[in-house]
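Open the model in your viewer and follow the stops below. Keep the sequence panel visible.

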Amino acid sequence: MGKFKLLYFASKGRGQPIRLLLHIAGVDFDDVKVTRKEWKDIKANMPHRKLPVLEVDGNLISQSGAILRYLGREFGYYGSNNVEKTRIDVISGAVDDIIFLMERLFYNETVEAAKEKLKKEMVSWRLEEFLGIMEETLKENHNGDTFFVGDQVSIADIQVYNVLDVIPEYFSDHAINMPPKLTAFVQRFKDIQNVKNFLNKT
Ligand SMILES: N[C@@H](CCC(=O)N[C@@H](CS)C(=O)NCC(=O)O)C(=O)O
């Protein structure tokens with residue numbers, strides 16, 4: 001297998017969990033940060049006209065979830081049995097739901113005028129609900145004192161960490177009540193040596 005090339009923007013959006021996974025796994029890869037200007041020129045050549053895209057041996061793979069699961073299977077971050085894999089998929093689904101809402105809120109001009117009201121509603125309802133569900137889910141595994149699934153880090157942890165990392169940036173003018181186990185989880189995740197190295201570089 002040749003060297004991986006990840007094409008994504010210089011942001012913490014859908015491509016960021018893939019960057020994190022490759023760093024955690026200690027895989028050498030080309031982290032290509034596409035500028036908006038470059039994007040105009042290459043968009044038409046991308047399979048789904050969107051990023052992230054992972055290039056492997058000349059093949060272009062689209063869809064962040066598919067890329068994450070592919071790399072998770074390849075490097076051992078996608079659970080060790082069917083039950084664990086399914087639990088990871090369930091958590092991924094919950095993260096996707098909240099990202100979908102955040103994208104609708106932040107990148108849709110038609111809601112521009114109503115943004116503040118929508119933001120408030122989202123913080124007090126959807127976001128609180130999501131954080132509560134993630135806290136419960138974390139507690140189901142080793143009382144919430146390790147990671148989300150089984151005995152080791154998985155793509156579920158990476159996805160949850162990344163969305164928890166961007167939530168305070170998106171909602172900087174709103175108070176967010178981060179539950180205690182999730183707060184400790186974020187710190188535990190940041191303390192993983194390869195994550196620490198990555199965060200120190202960015
Ligand atoms: N379902 C896709 C969504 C990808 C997506 O929406 N990518 C955005 C950036 S996060 C993008 O490429 N935007 C530029 C465009 O659509 O031209 C995935 O998960 O990879």
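The tour goes from domains to ligand to a helix pair.

Before selecting, note that this is a predicted model: local features need pLDDT of at least 70, side-chain atom pairs count only at pLDDT 80 or more, and totals for chains, interfaces and linings use all residues. Residues are numbered from 1 along each chain as its sequence is written.

**Stop 1: the domains.** Colour 4–76 as domain 1 and 82–192 as domain 2; these bounds come from an automatic or database domain assignment. Their centres, taken over C-alpha atoms, are 21 Å apart. Ten residues of domain 1 contact ten of domain 2. Contact requires C-beta atoms, placed from the backbone, to lie within 7 Å.

Now select helix H1 (16–24) and helix H3 (64–75): each supplies at least two residues to the side of domain 1 that touches domain 2. H1 gives the most, with five residues. Helices here are DSSP runs (H or I, at least four residues), numbered from the N terminus.

**Stop 2: the ligand.** Select Gly13, Arg14, Lys43, Lys50, Leu51, Pro52, Gln63, Ser64 and Gly65, the residues around the ligand. Each has its C-beta atom, placed from the backbone, within 6 Å of the ligand.

**Stop 3: H1 and H8.** Add helix H8, residues 193–201. The axes of H1 and H8 come within 8 Å and cross at roughly 125°. Axes are lines fitted to C-alpha atoms over the stretch in contact, and angles run from 0 to 180 degrees between N-to-C directions. Show Leu20, His23 and Ile24 of H1 with Asn194, Val195 and Phe198 of H8; these residues make the contact.

Conventions
Two residues are in contact if their C-beta atoms, placed from the backbone, lie within 7 Å.
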